[in-house]
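Q: Could you take a close look at one part of this model for me? I'd like to hear about a single loop and the residues it brings to the surface, with a word on the core afterwards.

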Amino acid sequence: MELKNTVRFSELDWLRVILIFAVFLHHVCMPFNGDGWHIMNNDSSKVLDDIMVYFEQFRLPILFFISGVGSVILLSKVTVLKFVKDKFLRLFIPLLIGSLLIIPPQIYIENIAEMQSYWQEYPSLALKFETNHLWFIEYLFVFFLLAIPLNRLFSSSFGTSIINFVQVLSKHKIGLYLLVILLIIIKVYFSLTFSSDDKKIENLSSSAFYFFFFIAGMLFVRSNVIWQAIYDQRFYNLLLLVFSTILFYSYYYSPDLSEYLSLDMRWSIWWLVCCLVAWSAFLTILGYAQFYFTKTPKWVSLSNELIYPFYIFHQTVIVVIGYYVIAWQTPILLKVISLFALSFFTTTVICWFIIKPSNFLRFLFGLKPKNNVVPVAYNKPIKQD
């Protein structure tokens with residue numbers, strides 16, 4: 001497939017900003033949901049936890065889908081060598097710098113009662129090379145490398161047959177939704193095989209699940225038929241999302257089933273309903289994003305540029321500020337609002353006034369030099385007659 005004649009994917013520009021903001025909001029709420037995080041408030045909100053567990057099913061999968069789209073577009077414009085160089089500079093280096101400079105404060109705050117001063121502890125903290133929330137960047141780096149052979153595969157006759165099959169599915173109202181069957185098989189199999197819930201790249205219960213969405217991005221961007229079907233079928237996908245949500249919360253609030261089902265079976269059902277929500281939400285959100293986000297205003301383009309360092313810094317800022325906020329003798333709602341405002345302001349100031357003006361810091365945190373900035377653009381293939 002040729003991608004030379006293209007128009008902009010404005011919906012993906014918007015979604016990337018919205019979803020990273022949603023990740024930020026999720027982490028702001030983490031100290032108050034009783035789930036066990038780096039810092040935890042003494043009191044927690046069960047309602048907050050019940051809401052958060054739903055939205056975490058599809059935020060990151062859609063971001064991986066967007067990255068899969070971007071990999072195909074970039075590979076259509078540059079050589080493989082330049083592609084690898086770009087990903088090394090924009091992903092590996094920020095991941096390394098983040099592990100050395102951004103993550104240690106989180107580890108320190110989490111274990112502050114057992115540690116001496118931060119500067120005394122810093123060498124050992126830095127040498128841990130922990131990724132914490134930067135596991136997302138680690139995944140992307142690996143996925144982009146895998147995108148090179150996959151892009152060649154999807155450009156072959158075999159790949160064309162796969163795309164044609166998905167196109168045939170897309171002509172039916174629930175056709176694309178049926179792909180969730182493959183997602184469920186992947187998620188359940190690898191989750192039973194890899195029992196850990198950590199985010200290490202070798203844990204295929206996590207990485208294979210997200211890679212499915214990345215591959216979907218690589219496939220869907222190659223077909224106007226598929227992209228148009230997602231747009232046309234957005235209302236049907238919304239109905240499927242409502243149906244999936246009802247199943248999700250019906251099982252979430254179900255009584256104890258341990259007398260009737262084994263632990264593996266109970267977990268398998270949970271992963272199944274999670275996949276139903278993840279896939280239907282992805283199709284719905286992408287369809288309605290095409291409808292509502294038809295243009296990319298300047299502020300969205302600028303946000304797309306700075307959203308990357310914002311992501312890198314945000315959790316450390318939340319953890320450090322949150323350590324003091326949770327000590328306040330105030331209601332949870334006021335703490336959440338305060339932590340949101342203080343963290344958003346601080347992270348934005350770091351990105352705008354410290355990272356953005358400096359070419360050296362831009363290099364360390366994955367941004368292009370100031371005199372060579374091109375707004376993040378996802379380009380849509382135009383069907384040729």
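A: Here's a walk through that loop, and then a look at the core. Keep in mind that this is a predicted model. The loop in question sits between helix 6 (118–126) and helix 7 (135–154), and Phe-129 is found in it. Backbone first: Phe-129 has a positive phi, about 50°, even though it isn't a glycine. Asn-132 lies in that loop between helix 6 and helix 7 too, and it also isn't a glycine, yet its phi is positive at about 45°.

Now the side chain. Is Phe-129 buried, exposed or partly exposed? It counts as partly exposed, because its relative accessibility is 43% and that class covers what falls between under 20% (buried) and over 50% (exposed). Phe-129 also helps make a nonpolar surface patch, together with Phe-88, Phe-92, Leu-96 and Leu-127. The patch comes to about 470 Å².

For the inside of the model, turn to the largest nonpolar core, which has 121 residues. Phe-64, Phe-65, Phe-220 and Trp-279 are the ones touching the most other members. Helix 13 (residues 263–292) supplies the largest share of this core, with 14 residues. Take Phe-64 as a sample: leaving out residues up to four places away in sequence, it touches Trp-135, Phe-136, Tyr-139, Leu-140 and Phe-143, plus Tyr-210, Phe-213 and Phe-214. That brings us back to our loop, since helix 7, on one side of it, spans 135–154.

How values were computed
Residues are numbered from 1 along each chain as its sequence is written. This is a predicted model: local features need pLDDT of at least 70, side-chain atom pairs count only at pLDDT 80 or more; totals for chains, interfaces and linings use all residues. Side-chain values use heavy atoms; hydrogens and water are left out. Patches are made of residues with over 30% relative accessible area and no salt bridge: like charges are joined within 9 Å, nonpolar side chains (Val, Leu, Ile, Met, Phe, Trp, Tyr) within 5 Å. Accessible areas come from the Shrake-Rupley method with a 1.4 Å probe; for residues, only the protein chains shown count as cover. A salt bridge is a side-chain nitrogen of Lys or Arg within 4 Å of a carboxyl oxygen of Asp or Glu. Helices (H or I, at least four residues) and strands (E, at least two) are DSSP runs, numbered from the N terminus. Buried means under 20% relative accessible area, exposed over 50%, partly exposed in between (1.4 Å probe, protein chains only). A nonpolar core is a set of buried Ala, Val, Leu, Ile, Met, Phe, Trp, Tyr and Cys residues joined through side-chain atoms within 4.5 Å. Contact means heavy atoms within 4.5 Å.
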